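User: I would like a close look at one part of this model, the ligand site. Please take the empty space in the protein along with it.

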Amino acid sequence: MTNKIKRVFGIDLGTTNSSIAYVDDYGKAVIIPNSDNQRVTPSVVFFDGDVIVVGDVAKESSKLYPNDVVSFVKRSVGEPEFLYEYDSKIYRAEEISSFILKKVAQDAEQNLGEKVTDVVITCPAYFGINEREATRRAGEIAGFNVRQVINEPTAAAIAYCAEDPLTKRSVLVYDLGGGTFDVTMISIDSEAIEVICTGGDHNLGGKDWDDRVVAYLVEEFQRQTGTTEDILEDPDTCQDLLISAEKAKKILTQRERTPISITHGGQRVKVELQREKFEEITRDLVERTIAFTREMLNEAARKGHDSFDDFILVGGSSRMPQIAARIQEEFGVTPKVYDPDGVVAKGAAIYGWKLALNDGLVQKIAENHDVGEQSNEEVLELSPEMIVKEAANELARETGYTLPAVESSLIKVRDVASKSFGVVVRDHGEEEMVYNLILRNTPVPTEAAKTFYTAVANQETVLIRIMENETGEETVPLSYGMEIGTAVLHLPTGLPADLPIDITFKLNKEGRLSITAVESSQARKVAVVVETNAVINGEELEQAKARSQSLVIH
Ligand code: AMP
């Protein structure tokens, strides 16, 4: 087989575990095992002198060196306050995430004997602008060409669809991972994979189930020893309990009960945790996922999609039997547990493969026809069918892939905005509020414009405060939104009050936002550079990249 397509790897950068996949010479997505021959690598980073250790050893080290180990860093990406200090150096969440990416890629390189350069990385649908940008930066720091950041449920749907590409259906993807929960309705047919609606909670995942078990164990320790001490204040005990709780939780997926021992301050206590008790202390967490699912279904119904064909469960935490049971009870369907650890990375790899094949097709078309300055998508969408077909035939011959495989790369993937985006404005009563230009669940790419007016005469600057929020309303109170960046439009002196300023928001298909502001009387156009300190930038980014190149990662 003469495979001329550049390999694009798919990486699922998970809260608790990460994995990497590629599409093999037969067009099949495959998870690449790590150096311990495991399909997933714990997303845990241990700072051990000059060496960075990622994975199982790091996870184990958290017992002995809790302060030198970072877990669940994904919950902090895009948060400017998250700064981790080790050996007088400050690390942002992006940089710590880059170590995880580097480790999974390094192991894949060893396994395949091939360099990982181009990647598609996944993030929860629920991620906002800063978190997405930070995810991309993590990949760049690790030295990759990040082809795209795509949503986890979309990736799951792509992998699911690849199993049976011809059947038209609506799929509900319930993704309960280690730290996040997403629920998404996706419509699939042979032409397009289209996200209808998405919802979820950035801060709900398997870790919360672990925390409930830890709290129960603390109570049991106090009850059995008669102490009132908060044993979680001891970092060693706390780490121990977290690890035991997660193990116990996983055992309860298979068995009805599990013994757990707690050692603290020279005392040892034994607890037997029953599945029934476990389900009782975590019931409200399951209910939260059900409420989010209902809410999303209502929204989908408002958009004209009032039923679904398949309900698939992804994310490691969806293995807990209480999840499928509760879904069955609530929605009257039997959900399918679909390769919960591998499906997201596989979908990302298939998407990467699609991008690479699309590059190949466009190259073939450009060899024989003038495509001008058009983007790959435009070339494939606007070229006559015959020309695309001819390019597909040639590419299939050259690469050894079958024609249907090459043609399957033409499938369109359409996502939606997972948040609403707007600016801070004042109403006539001088109250500040958020005016949303783009509403959540709008298909992307999208563009929206609105005219606002300056407040006073001689106003020299207009401060544009860009806000992200989870409501679906056009105007919302300021407190509902989160500021994700600001931009300043400078005006000349001597202008009257009430000067119209046109603000345009553009959200690309990857969920990246760009903004322009135009002062319309003089047509002074400013392409606004959104300033955000939530994402690693400039000098700091370059330093992190340089540091990453010289780091040893195990
Ligand atoms: P993910 O982020 O999709 O890798 O999901 C990881 C989460 O799934 C962690 O909270 C794990 O504890 C949890 N998990 C993995 N396997 C199981 C299992 N067999 N039973 C319950 N939870 C699990």
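User: How many residues surround the ligand, and which are the closest?

Analyst: The model is predicted, and every value here is computed from it. In this model 14 residues surround the ligand. The closest are Thr16, Glu246, Lys249, Thr253 and Gly316. By class, this shell holds one nonpolar residue, nine polar and four charged. Helix 6, residues 235–254, gives the most to the shell, with four residues.

Now the polar contacts. Two involve the protein backbone. A polar backbone atom of Gly178 is 3.1 Å from an oxygen atom of the ligand. A polar backbone atom of Ser317 is also 3.1 Å from a ligand oxygen. Arg319 uses its side chain: a polar atom there lies 3.3 Å from a nitrogen atom of the ligand. On its own the ligand exposes 510 Å², and the protein buries 90% of that.

Next, the space around the ligand. The ligand takes up the second largest pocket. That pocket contains about 1200 Å³ of space. Its lining counts 46 residues, and Thr16, Asn17, Lys59, Glu246 and Lys250 lie nearest its centre. Thr16 and Glu246 thus appear twice: they are among the closest residues to the ligand, and among those nearest the pocket centre. Helix 6 recurs too, giving the largest share of this lining, seven residues. Other elements that each supply at least two residues include strand 2 (17–23), helix 1 (56–64), strand 7 (69–70) and helix 5 (206–225). By class, the pocket lining has 13 nonpolar, 19 polar and 14 charged residues.

The largest pocket is another space. About 1600 Å³ lies in it. Of its 49 lining residues, Lys354, Ser408, Ser409, Leu410 and Ile411 are the closest to its centre. Among the elements giving two or more residues are strand 11 (145–151), helix 4 (152–163), helix 10 (343–368) and strand 19 (412–416). Helix 10 gives the largest share, eight residues. The class count is 23 nonpolar, nine polar and 17 charged.

Then the enclosed space. Rolling a probe the size of a water molecule over the atoms shows where empty space is left. There are four cavities of 30 Å³ or more. The largest has a volume of about 220 Å³. It is lined by 24 residues, with Asn151, Asp415, Lys509, Glu510 and Gly511 closest to its centre. Helix 3 (129–141), strand 11, helix 4 and strand 19 each supply at least two residues of that lining. Strand 11, helix 4 and strand 19 also give two or more residues to the largest pocket. The largest cavity's lining has 12 nonpolar, six polar and six charged residues.

The second largest cavity has a volume of about 50 Å³. Its lining includes Ser18, Ile20, Asn34, Arg39 and Asp107. Strand 2 and helix 2 (93–112) each give two or more residues to it. Strand 2 is also one of the elements in the lining of the ligand's pocket. The class count for this cavity is six nonpolar, four polar and two charged.

Last, two backbone points. Most residues other than glycine have a negative phi, and most peptide bonds are trans. Asn37 has a positive phi of about 65°. Its place is the loop between strand 3 (29–31) and strand 4 (41–42). The peptide bond from Val444 to Pro445 is cis, with omega near 5°. Pro445 lies in the loop between strand 22 (443–444) and strand 23 (446–453).

Note on methods
Residues are numbered from 1 along each chain as its sequence is written. This is a predicted model: local features need pLDDT of at least 70, side-chain atom pairs count only at pLDDT 80 or more; totals for chains, interfaces and linings use all residues. Side-chain values use heavy atoms; hydrogens and water are left out. A residue is near a molecule or strand if one of its heavy atoms lies within 4 Å of it. A polar contact is a pair of N or O atoms within 3.5 Å; within protein, one must be able to donate a hydrogen and the other to accept it, and residues adjacent in sequence count only if both atoms are side-chain atoms. Accessible areas come from the Shrake-Rupley method with a 1.4 Å probe; for residues, only the protein chains shown count as cover. On a 1 Å grid over the protein atoms alone, a cavity is a set of points where a 1.4 Å probe fits but cannot get out, and a pocket is an open set with protein on both sides within 12 Å along at least five of seven lines; lining residues have an atom within 4 Å of a point. A molecule sits in a cavity or pocket if more than half of its atoms lie within 2 Å of its grid points. Ala, Val, Leu, Ile, Met, Phe, Trp, Tyr, Cys and Pro count as nonpolar, Asp, Glu, Lys and Arg as charged, and the others, Gly among them, as polar. Grid points are joined across faces, edges and corners, and a volume is the space filled by probe spheres set on the points.
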